[in-house]
Amino acid sequence: LDMNDSQAQKKKIMQFAHLMGRTKQECLKDHLEPLKQWFKDLGMDDSQVKTVIVRDPELLCYGLENKFKPIVQWLRDLGMDDSQVA
C-alpha cells in the first residue's frame with residue numbers, strides 16, 4: 001500500500017490512540033488540533049509540526065498546560081527565544 005504522508009500520520013496516531021483506549025475523535029479533538037496550533041504559534045511550520053507528531057505520537061497524551069507550556073517557559077527563562085525553542 002502506498003500512503004501519502006497525511007494518511008501515514010493519521011494511521012500512526014490512530015494506532016497509538018487505540019492502544020490508549022481512546023476513540024479517534026477523542027484523540028483528535030482533545031489533543032491534536034490544540035497541540036498543532038500551539039507548535040505553530042511557537043513558529044513551527046506545518047511540515048515541522050507534522051514531523052514532530054509522526055515521529056512521536058505519544059505527544060498527544062501529554063498535557064499542553066501541564067507538560068509543554070512549563071517546559072517552554074523554562075527554556076524562555078533561560079534566555080531562549082521561540083525560534084530556538086521550536
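Here is a short chat about the nonpolar core and the aromatic rings of this predicted model.

Student: Which helices each supply at least two residues of the largest nonpolar core?
Tutor: Let's start with the core itself, which has 15 residues. Leu 35, Trp 38, Phe 39, Leu 42 and Phe 68 have the most contacts inside it. The helices that each bring at least two residues to this core are H2 (24-41), H3 (46-55) and H4 (64-77).

Student: Leaving aside neighbours within four places in sequence, what is Phe 39 in contact with?
Tutor: Phe 39 is one of the residues with the most contacts inside the core. Skip those sequence neighbours, and its contacts are Met 44, Val 49, Val 52 and Phe 68.

Student: Is the pair of Trp 38 and Phe 39 stacked, tilted or edge-to-face?
Tutor: The structure has three aromatic pairs, so let's check the angle for this one. Planes under 30 degrees apart count as stacked and over 60 as edge-to-face, with the rest called tilted. Trp 38 and Phe 39 sit 5.8 Å centre to centre with 50 degrees between the planes, so their pair is tilted.

Student: And what kind of pair do Phe 39 and Phe 68 make?
Tutor: Both of these residues, Phe 39 and Phe 68, are buried. Their ring centres are 5.8 Å apart and their planes stand at 75 degrees, so the pair is edge-to-face.

Student: How many residues apart in sequence are the parts that Phe 39 and Phe 68 tie together?
Tutor: Ring pairs link Phe 39 and Phe 68 into a cluster with Trp 38. Phe 39 belongs to helix H2 and Phe 68 to helix H4, so their pair ties together parts separated in sequence by 29 residues.

Terms used: Residues numbered from 1 in each chain as written. Predicted model: local features only at pLDDT ≥ 70, side-chain atom pairs only at ≥ 80, totals over all residues. Heavy atoms only, no water. Core = buried A, V, L, I, M, F, W, Y, C linked by side-chain atoms within 4.5 Å. Buried < 20%, exposed > 50% of the residue type's maximum accessible area, 1.4 Å probe, protein only. Helix = DSSP H or I, 4+ residues; strand = E, 2+ residues; numbered from the N terminus. Contact = heavy atoms within 4.5 Å. Phe/Tyr/Trp six-rings, centres within 6.5 Å; stacked < 30°, edge-to-face > 60°.
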